[in-house]
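Please look over the following chain and its coordinates before reading on. The report below moves between single residues and the fold as a whole.

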Amino acid sequence: MFKRISSVLLLSAAISGCSLWGGSDEVEPSPLVDFDAEKQVIVEWSRSIGGDLGDKFHQLAATISGDQIYAVSADGSVGAFALDDGEPRWEIDLDEAISAGAGAGDNKVVVVTEQGEAICLDALTGGELWRKQLATEVTAEPQLNNELVVVQLINGSIVALDSDTGVTRWRYDSLSPRLTLRGTSAPIVALDVTLAGLDNGKFVALDNASGATLWEQTVSYPEGRSELERMTDIDGRPMLYEKVMYIPSFQGDLVAINPFNAQTLWKKKLSSYRSLASGFGNVYVSEANDHVQALDAKNAASVWSQSQLENRMLSAPAAFGNVVAVGDREGYIHFLSQIDGRFIARYDADAAITSDMKTRGNRLFVLTDSGRLLALTLK
């Protein structure tokens, strides 16, 4: 059973008093809603990545850089595919289990094995450039700029490696709570600063030259008596939108922060362990209860809420064109209007969608848990 999802579902069970593992009170996904499709889903291309995503709820999300998309499988396959037609550019087998999605940038691709070893590959050929042993497991994809590879470890540490050599430039350590969701957020790495959300509900800005803390902000405070009730991880990746940082948290708040001075612009009580999306002046979030909500990015006012996907174990939202898409555990991709949240279209991908979907232009790129990489458009 997926450990991170288990934590979320066990929390729901504790609150509702129901059993999730069988019996008459077992939680079932909401039935699919009947609607008149306004658009048709077109499969532009489909490719196998050479393996599946495994059974440990490692979010092995695909990564787009330049004109290529990179994907990994749990058993060690790494591949590069052309964005326009899905043509394989290269594929290698590391013959080692992989625990996180690939990070890409500066003509490099970085993957991390289950043994905590970072492996840097040439983005054009797949040739190995260097390896670096890290202190512990990594479940979020590494992030790159033109000098650094920044990796967020599952123990709360953030490590910056030289992108050319793999030598450690700096390390930031934080204290993680005893009980957390499985996994971590992925940091945002700009030219001069790294921004990262932590399992203890804090958000930090780190100097890329030295790793020194530029500022630190507690964005979500634990509440409740039990350790389970007090979990308040930042597991969804923060999002920079219109020069404002939006930070989701589990059992906490969604917070908007000015990243230049750490000023909190607004807070909204909302639980999510998924990454965010944006568009039409809105912030889109998949809540822990599997409601999809659109909030006004300027003031957190609710624009719309779609509650008819409850208990479908939704992916993070992905916004493109005039729709926002979410995948679910049964393999369906639901396309909602960015204006009012109504259902626009639906597509059956034939396998669960756990990792974040990606967008480029008018295309949605989906990596299913079975290892199928899809490029979809709406017509």
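Is aspartate 290 buried or exposed? In this predicted model, aspartate 290 has a relative accessible area of 6%, and because the limit for a buried residue is under 20%, aspartate 290 counts as buried. This residue lies in the loop between strand 23, residues 282–286, and strand 24, residues 292–296, and its phi is near 70°, a positive value in a residue other than glycine. Most residues other than glycine have a negative phi.

**Overall make-up**

The protein contains one helix and 32 strands. Of its 379 residues, 58% are buried, while the protein exposes about 15,200 Å², of which carbon and sulfur atoms supply 46%. Among the contacts between residues at least 6 apart in sequence, 48% join residues that are at least 24 apart.

**A four-stranded sheet**

One open sheet is formed by four strands in the order 10-11-12-13, and the pairing in this sheet is antiparallel. Its edge strands are strand 10, residues 143–144, and strand 13, residues 168–172, each of which pairs on one side only. Strand 13 runs antiparallel to strand 12, residues 158–162, and four bridges join the two. Within this pair, leucine 161 stands opposite threonine 168, the latter belonging to strand 13.

**Aspartate 106 and its partner**

A positive phi also occurs at aspartate 106, where the angle is about 55° although the residue is not a glycine. Aspartate 106 lies in the loop between strand 6, residues 103–105, and strand 7, residues 108–112. Its relative accessibility is 35%, and it therefore counts as partly exposed. The side chain of aspartate 106 meets that of lysine 108 in a salt bridge, with a distance of 3.2 Å from N to O. Lysine 108, for its part, is buried, with a relative accessible area of 9%, so this salt bridge joins a buried lysine to a partly exposed aspartate.

**Salt bridges**

How many salt bridges does the count come to? The count is 15 salt bridges, and three of the individual pairs are set out in the table, with their N to O distances.

| Pair | N to O distance | Relative accessibility |
|---|---|---|
| Lysine 108 and aspartate 106 | 3.2 Å | lysine 108: 9%; aspartate 106: 35% |
| Arginine 171 and aspartate 173 | 2.8 Å | arginine 171: 39% |
| Aspartate 340 and arginine 342 | 3.1 Å | aspartate 340: 38%; arginine 342: 35% |

In the second of these pairs, the side chain of arginine 171 meets that of aspartate 173, and arginine 171 is partly exposed at 39% relative accessibility. The residue number of arginine 171 falls within strand 13, residues 168–172, an edge strand of the sheet described above. In the third pair, aspartate 340 and arginine 342 have their closest N and O atoms 3.1 Å apart; aspartate 340 is partly exposed, with a relative accessible area of 38%, and arginine 342 is likewise partly exposed, at 35%.

Which residues are linked in a network of salt bridges? Such a network links Glu96, Glu117, Glu128 and Arg131.

Definitions and conventions: Residues numbered from 1 in each chain as written. Predicted model: local features only at pLDDT ≥ 70, side-chain atom pairs only at ≥ 80, totals over all residues. Heavy atoms only, no water. Buried < 20%, exposed > 50% of the residue type's maximum accessible area, 1.4 Å probe, protein only. Contact = heavy atoms within 4.5 Å. Areas by Shrake-Rupley, 256 points an atom, 1.4 Å probe, with all protein chains shown as cover. Pairing = 2+ DSSP bridges. Salt bridge = Lys/Arg side-chain N within 4 Å of Asp/Glu carboxyl O.
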